[in-house]
Amino acid sequence: MAIPSQKVEDLITKIIKREGGYVDNSSDAGGPTCWGITQGTLSQWRGYPVSAEEVAMLPVDVARQIYRKNYFYAPGFDAIDDPELQEFMVDFGVNSGPGAATKALQTSLLGMGLNPGAIDGDLGPKTRAALALCRNIPELYYRVKSERWELLLRYIGRDHRQAIFAAGWSNRLEELNDDT
């Protein structure tokens with residue numbers, strides 16, 4: 001079920017505010033980023049390799065288009081009825097990829113005894129059906145949040161340079177928690 005357009009735009013506005021403007025931190029695996037849109041994502045969007053300068057000059061309206069298409073509608077997050085869980089999933093998808101966010105949702109549903117089908121990162125019919133059967137959205141939210149924490153800790157475990165982002169990740173997750 002799609003939510004009204006203004007709610008989508010408000011959600012995207014929150015994410016852009018969290019992400020901020022242009023950043024190019026050598027420890028960030030995403031490389032140069034503007035409004036949360038990485039160089040790789042912008043290259044894919046435009047269909048050719050883009051420079052750091054092109055990332056830095058990314059108009060916010062183009063970032064909004066990318067968020068709307070790639071991080072809201074394409075992964076199927078518009079099918080999530082609960083606004084807090086939906087925002088969390090979109091935000092998770094922005095930071096770690098929509099597939100990782102969906103796998104966390106699927107793992108969480110399975111942990112609650114609901115069958116999402118394969119843990120494959122696809123918010124398909126079985127996952128949607130399991131989500132529709134969920135009667136405890138706050139528990140689901142915190143299970144997905146725990147999965148996200150674990151994923152972030154695995155990032156640090158694989159590449160210790162990522163530890164410099166831990167405080168920011170923690171603040172972001174707590175900010176999202178404040179909205180629930």
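Q: Is Trp-169 buried or exposed?
A: This is a predicted model, in which local features need pLDDT of at least 70, side-chain atom pairs count only at pLDDT 80 or more, and totals for chains, interfaces and linings use all residues. Residues are numbered from 1 along each chain as its sequence is written, and side-chain values use heavy atoms, with hydrogens and water left out. Buried means under 20% relative accessible area, exposed over 50% and partly exposed in between (1.4 Å probe, protein chains only). The relative accessible area of Trp-169 is 18%, so this residue counts as buried.

Q: How much space lies in the largest pocket?
A: A pocket is an open set of points on a 1 Å grid over the protein atoms alone, where a 1.4 Å probe fits and protein lies on both sides within 12 Å along at least five of seven lines. Points are joined across faces, edges and corners, and the volume is the space filled by probe spheres set on them. For the largest pocket, this comes to about 770 Å³.

Q: Which residues that line the largest pocket are the closest to its centre?
A: Lining residues have an atom within 4 Å of a point, and 28 residues line the largest pocket. Trp-169 is one of the five closest to the centre. The full group is Glu-19, Asp-28, Asn-95, Phe-165 and Trp-169.

Q: How many residues of the lining of the largest pocket are charged?
A: Asp, Glu, Lys and Arg count as charged; Ala, Val, Leu, Ile, Met, Phe, Trp, Tyr, Cys and Pro as nonpolar; and the others, Gly among them, as polar. The lining has 10 nonpolar and 12 polar residues, and its charged residues number 6.

Q: How many aromatic pairs does the structure hold?
A: Rings of Phe, Tyr and Trp (its six-membered ring) pair if their centres lie within 6.5 Å; planes under 30 degrees apart count as stacked, over 60 as edge-to-face and the rest as tilted. The number of aromatic pairs here is 7.

Q: Which helices do Phe-88 and Tyr-141 link?
A: These two form a tilted pair, 5.0 Å centre to centre with 55 degrees between the planes. Both Phe-88 and Tyr-141 are buried. Helices (H or I, at least four residues) are DSSP runs numbered from the N terminus, as are strands (E, at least two). Although 53 residues separate the partners, their pair links α5 and α8.

Q: Why does the pair of Tyr-155 and Trp-169 count as edge-to-face or tilted?
A: Here we meet Trp-169 again, in helix α9, while Tyr-155 is in helix α8, 14 residues apart. Their ring centres are 6.2 Å apart and their planes lie at 65 degrees, so the pair is edge-to-face.

Q: Which residue lies over the face of Phe-88?
A: A charge sits over a ring if NZ of Lys or CZ of Arg is within 6 Å of the ring centre and within 35 degrees of the ring normal. Ring pairs also link Phe-88 into a cluster with Phe-92, Tyr-141 and Tyr-142. At 5.1 Å from the ring centre of Phe-88, the residue over the face is Arg-148.

Q: How many residues of α5 are buried?
A: This helix has 14 residues, and its end C-alpha atoms are 20 Å apart, which agrees with the expected 20 Å. The expected span is 1.5 Å times one less than the number of residues. Phe-88 and Phe-92 are among the buried residues of α5. The helix is mostly covered, and the count of its buried residues is 11.
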